[in-house]
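These entries record what I looked up in one structure, topic by topic. I begin with backbone geometry and then turn to the ligand, the cavities and the pockets.

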Amino acid sequence: MSLNPSPLERVREYERERASKLPADERPLFHLTPLVGWMNDPNGFCYYKGQYHLFYQYHPFSRQWGPMHWGHAVSDDLLHWTYMPCALAPDTEADAGGCFSGSAVPLKDGRLMLCYTGVQPAGTFRRETQAQCVAFGDGTDFEKSLLNPVIRHAHLPVGYSAFDFRDPKAWMAEDGTFRMVVGNRHEERQGTILYLSSKDGLDWNFVGEIDASCSEYGRMWECPDFFAIDGKQVLIVSPQEMHAREEFHAGYGTVAILGQFDEKECVFTRESIQPVDHGLTFYAPQTTLAPDGRRIMIGWMDNWETCKEAPRRHPWYAQMSMPREVFIRNGRLMQVPVREIQGLWKDTVNHEKVTVKEETSLEGVHGRMLDMTVTLYPSQSGCRRFTLHVAKDREHYIQILCNLARGELVFDRSHGGSHRDIAHTRHVRAEVQDGKLTLRILMDRESVELFINNGERVVTSLIPTPIESDGVTFAADAPIEMSVEAHHLG
Ligand code: FRU
């Protein structure tokens, strides 16, 4: 290290030193965790020079949120990640208060452009302000533009906030110029998503506002994403302070708005709106395009309401969700685990059309690293309630209760061993379709991701259950036929 190390060099040195001392075996098998310290939102998710790059909100020096850096990892298959040195530290005038969330765009000249929110410490406004910055690099080292912040509050029409102005998601349009969506809080319309364009990534023009909460879907809209898929335009936002309504729970949520976009007029017309994920711990998702055309989404597998007090069991805190393929079916945004997961399948167990009533376990079906699909065939039976327990021992279990009569599922981790008075349950629609209901359950040590009816609705949750609790049982109030296909993962 040089005699006078920069803040980034100091972080990188700290990472090297800590990495050599970390226990090897405690991490989830295929969910990304930070090398050390704290992690929140996925940032700069992209495919660049033959690999997936994923950056993340990062505070290396403690397991609590703090001055934001960008952590960095790369992967060939979205499941095995290799840590890269910290990419950004808050070390310039434009971002001294933190390098907040943003995105990455591979450029035609081979460089990678990072777009992020620079937080400027309280100055004339007596409050921290937020503006958008860029940095250019080779996939490891990035140089921040001297023009930062390249998008300031002064670029915006009146009414928009200088304090809540963050999370740029930029991409390259077909003609090689750039577009961006970014969150802001308008004094009347609350959460808004702004659309900007640029020829070179440095000089940006405000084009318009594409959508707004108008206090219906929360206050500030964070971490927008905006993409075309299967004939729809999709806007994803993560609102703060949602009221419970329709299928949305209160608090920090994730919203997908499907519609059509007239780019010339900068008019986005809503057609439908849905939660992205119905679970207890999922926020700030971001997508990228895979080289084969799939749109892949990954989110922070945590929740601002509860993370600060959550137990710290490891030298790192927090993890990303499973990367998911997203697509549209019957006017809904659907998601399934990336197909690369098949590379981790081992010891597959199949139980075809077995009938259950009393609490039953099935041979070979247990574990905390599992990809299991349960298909229920309730048509001929009088079964109204079907109960699945996972991560089970004598005292603990995570319960998935299907109320078949009501077409509703209750995910419940309240018997998982937590002593905290926080939300432990979520109710979500789960309807029998063409005579069956399918539940795909992905478990990776401390998490469950449940994909209902091939990804129509998803419930993501961290689970507090002791890692040794690995039982799986099935029960119903009347005999019901089901099939179980379970892949152990390794
Ligand atoms: C969302 C968020 C972003 C912000 C970042 C700060 O989780 O609040 O809006 O950029 O986290 O870490």
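**Backbone geometry**

I first located asparagine 454, which sits in the loop between strand 29 (447-452) and strand 30 (457-462). The model is predicted, and I read every entry below with that in mind. I looked up the backbone of asparagine 454 and found a positive phi of about 55°, although the residue is not a glycine. I then checked its accessibility: asparagine 454 counts as partly exposed because its relative accessibility is 49%, and the partly exposed class lies between 20% and 50%.

I made the corresponding check on aspartate 434. This residue is not a glycine, yet it has a positive phi of about 50°. I placed aspartate 434 in the loop between strand 27 (425-429) and strand 28 (437-444). Its relative accessibility is 80%, so I entered aspartate 434 as exposed.

I also searched for cis peptide bonds. I noted one between asparagine 148 and proline 149, with omega at about -10°. Proline 149 belongs to the loop between strand 8 (142-144) and strand 9.

**Ligand site**

Which residues come nearest to the ligand? I found 13 residues around the ligand, with Asp41, Gln57, Asp167, Glu222 and Trp304 coming nearest. By class, I recorded this shell as 6 nonpolar, 3 polar and 4 charged residues.

I then went through polar atom pairs. For asparagine 40, I found a polar side-chain atom 3.0 Å from an oxygen atom of the ligand. For aspartate 41, the corresponding distance from a polar side-chain atom to a ligand oxygen is 2.7 Å. For aspartate 167, an N or O atom of the side chain lies 2.6 Å from an oxygen atom of the ligand. I next looked up how far the ligand is covered: taken alone it exposes 320 Å², and the protein buries 95% of that. I listed the elements that give two or more residues to the shell, namely strand 1 (37-48), strand 5 (99-106), strand 9 (165-172) and strand 13 (221-229).

**Cavities**

I turned to enclosed space. Rolling a probe the size of a water molecule over the atoms shows where empty space is left. I counted 4 cavities of 30 Å³ or more.

The largest cavity holds about 60 Å³ of space. I noted among its lining residues Pro42, Asn43, Ser101, Gly102, Asp167 and Lys169. Asp167 thus appears in this lining and also among the residues that come nearest to the ligand. Strand 1, strand 5, strand 9, strand 13 and strand 17 (283-289) each supply at least two residues of the lining of the largest cavity. I classed this lining as 6 nonpolar, 4 polar and 2 charged residues.

For the second largest cavity I recorded about 40 Å³ of space. Its lining consists of His249, Tyr252, Gly279, Leu280, Thr281, Phe282, Asp302, Asn303 and Arg426. By class, I entered 3 nonpolar, 4 polar and 2 charged residues for the second largest cavity.

**Pockets**

I then examined open space. The largest pocket contains about 880 Å³. I found 28 residues in its lining, of which Trp171, Met172, Ala173, Leu289 and Arg295 lie nearest its centre. Strand 1, strand 5, strand 9, strand 13 and strand 17 are the elements that give two or more residues to the lining of the largest pocket. I recorded 18 nonpolar, 3 polar and 7 charged residues in that lining.

I followed up on alanine 173. It is found in the loop between strand 9 and strand 10 (178-186). Is alanine 173 buried or exposed? I entered alanine 173 as buried, because its relative accessibility is 17% and the cut-off for buried is under 20%. I also looked up its separation from glutamate 449: the two residues are 276 apart in sequence and 33 Å apart in space, C-alpha to C-alpha.

The second largest pocket has a volume of about 440 Å³. I found 22 lining residues, and those nearest its centre are Ala310, Pro311, Arg313, Leu462 and Pro464. I closed the entry with the classes of this lining: 9 nonpolar, 8 polar and 5 charged residues.

Definitions and conventions:
Residues numbered from 1 in each chain as written. Predicted model: local features only at pLDDT ≥ 70, side-chain atom pairs only at ≥ 80, totals over all residues. Heavy atoms only, no water. Near = heavy atom within 4 Å. Polar contact = N/O pair within 3.5 Å; in protein donor to acceptor, adjacent residues only side chain to side chain. Areas by Shrake-Rupley, 256 points an atom, 1.4 Å probe, with all protein chains shown as cover. Helix = DSSP H or I, 4+ residues; strand = E, 2+ residues; numbered from the N terminus. Nonpolar A, V, L, I, M, F, W, Y, C, P; charged D, E, K, R; others polar. 1 Å grid on protein atoms, 1.4 Å probe; cavity = no way out; pocket = protein on both sides within 12 Å on 5 of 7 lines; lining within 4 Å. Points joined across faces, edges and corners; volume = space filled by probe spheres on them. Buried < 20%, exposed > 50% of the residue type's maximum accessible area, 1.4 Å probe, protein only.
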